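Here are some notes for a colleague who is meeting this structure for the first time. They deal with the open and enclosed spaces in the model, and with one residue among its helices.

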Amino acid sequence: MSGRELPETMDAQVIREHGGPDAFEPAELDVPDVEPNHVLVEVAATSVNPVDTKIRSGAAADLGPDLPAVLHGDVAGTVVAVGAGVDDFAVGDEVYGCPGGVAGTGGALAEYALADAASLAHKPDSLTMREAAALPLVTITAWDGLVTRADVAPGDDVLVHGGSGGVGHVAVQLAAREGGIVHATASDEPKRDLARNLGAQYAFDYHRDVADYVEEYTDGRGFDVVFDPVGAGAGTLEGSFDAASLKGHVVTTVARGDVALDATHTKGLSVDVVFMLIPLLHDDHDGRRYHRDILRRAASLVDDGDLRPLLDTETYGLDEISEAHRRLEAGEHVGKIVVDVAGE
Ligand SMILES: NC(=O)c1ccc[n+]([C@@H]2O[C@H](COP(=O)([O-])OP(=O)(O)OC[C@H]3O[C@@H](n4cnc5c(N)ncnc54)[C@H](OP(=O)(O)O)[C@@H]3O)[C@@H](O)[C@H]2O)c1
């Protein structure tokens, strides 16, 4: 079912080989036909997540679509066609989600994206498209880690590393909303101020000695919950184990790499690894619906004023995607980098 005549072709950015940010090249592709249980979304905006850069470079080639590929998971846009079996959406609905851009599915770096309807929710009314595009992947990740798995409770001492980062800035807000006493880390004072403005009661430099800040903020007891979106590769995970209390909970988004588990044993820690791409990579509809439910609840939080995206100061269009990836990989961004796809 389509609301209006759609063009046969669309502008997109594709990679034909893995490589640096310049691996992207413009392409004119066929507009996808809508399939059962899917909708076709006219893409307004997408955002850059580190996994998009890792897929592009080949560092996470195993997670990516076959080449040539249209990358990027996060999308905000308008439904322009609805497939058989879809009851939740109608043509004209404004939606957001993280439906693809990984193995088996096309992504959002194109004027139109075919999306499994189970992965989408209606966009928060109070956000622009570009603001909504910043939220899906990081919100699903932070929610799964802190609300579902760690089950942050009122009064819990929660440590969130990278409190102004993509995942971290949502984690700070969710943990605060659950009633946690949020302690955020960041590398400089402006970023620590951002974390405080998002709900962190305390913010400090992650370069500090772990024992030192555990003593200062928890009287040596340790944090009930540590949310670590830096993790194994960068070597923070063992410090997160050290920062946790006896029987505390450590949640990470990066567990690839060698990590000493000694402290998890001696403290009886619960360790959760969030990998939000699992439902997409394994075509798991229950998992997609779980993501959709998070996005629905997040939309309510946003419209109630309890959750907001932190957008990087730089803005990019579809034809500037290489620059957007370069900025993220250089670590020059603060918050989410959004790419406007419409209006090119
Ligand atoms: N498994 C999953 O499902 C999943 C989902 C989302 C993200 N991830 C992964 O999680 C990581 C973060 O993603 P993101 O979108 O949040 O990236 P991001 O926006 O680039 O943020 C990275 C954050 O890490 C902080 N940081 C860097 N080094 C640190 C250290 N040694 N100790 C504490 N904090 C440190 C940075 O703080 P400063 O800016 O102050 O330096 C920044 O806030 C990436 O590796 C990404 O691939 C995984």
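From which domains does the lining of the largest pocket draw at least three residues each?

1. The model is a predicted one, and in it the lining of the largest pocket draws at least three residues from each of two domains, namely domain 1 (9-135 + 282-340) and domain 2 (138-273).

2. The space in this largest pocket comes to about 1,400 Å³. Several elements give two or more residues to its lining, and these are helix 1 (50-57), helix 3, helix 4 (166-177), helix 6 (210-218) and helix 7 (237-243). In total 48 residues line the largest pocket, and those that lie nearest its centre are Pro-50, Pro-229, Val-230, Thr-253 and Val-254. Sorted by class, the lining of the largest pocket consists of 25 nonpolar, 19 polar and four charged residues.

3. One residue of helix 3 (residues 136-149) deserves a separate look, and that is Thr-141. Is Thr-141 buried or exposed? With a relative accessible area of 5%, Thr-141 counts as buried, because the cut-off for that word is under 20%. If residues up to four places away in sequence are left aside, the contacts of Thr-141 are Val-167, Phe-227, Thr-253, Val-274 and Met-276. Of these contacts, Thr-253 is also among the residues that lie nearest the centre of the largest pocket.

4. The second largest pocket holds about 280 Å³ of space, and the elements that give two or more residues to its lining are strand 6 and helix 10 (285-303). Strand 6 supplies the largest share of that lining, with five residues. The lining of the second largest pocket is made up of 19 residues, and His-38, Gly-104, Thr-105, Gly-106 and Leu-114 lie nearest the centre. By class, these lining residues divide into nine nonpolar, six polar and four charged.

5. How many cavities of 30 Å³ or more does the count give? The count comes to one, and the space in the largest cavity is about 40 Å³. Strand 6 (residues 112-116) gives three residues to its lining, which is the largest share. Among the residues that line this cavity are His-72, Val-75, Pro-99, Gly-106 and Leu-114, and of these Gly-106 and Leu-114 also lie among those nearest the centre of the second largest pocket. The lining of the largest cavity has no charged residues, its members being six nonpolar and five polar.

Definitions and conventions:
Residues are numbered from 1 along each chain as its sequence is written. This is a predicted model: local features need pLDDT of at least 70, side-chain atom pairs count only at pLDDT 80 or more; totals for chains, interfaces and linings use all residues. Side-chain values use heavy atoms; hydrogens and water are left out. On a 1 Å grid over the protein atoms alone, a cavity is a set of points where a 1.4 Å probe fits but cannot get out, and a pocket is an open set with protein on both sides within 12 Å along at least five of seven lines; lining residues have an atom within 4 Å of a point. Grid points are joined across faces, edges and corners, and a volume is the space filled by probe spheres set on the points. Helices (H or I, at least four residues) and strands (E, at least two) are DSSP runs, numbered from the N terminus. Ala, Val, Leu, Ile, Met, Phe, Trp, Tyr, Cys and Pro count as nonpolar, Asp, Glu, Lys and Arg as charged, and the others, Gly among them, as polar. Buried means under 20% relative accessible area, exposed over 50%, partly exposed in between (1.4 Å probe, protein chains only). Contact means heavy atoms within 4.5 Å. Domain bounds come from an automatic or database domain assignment.
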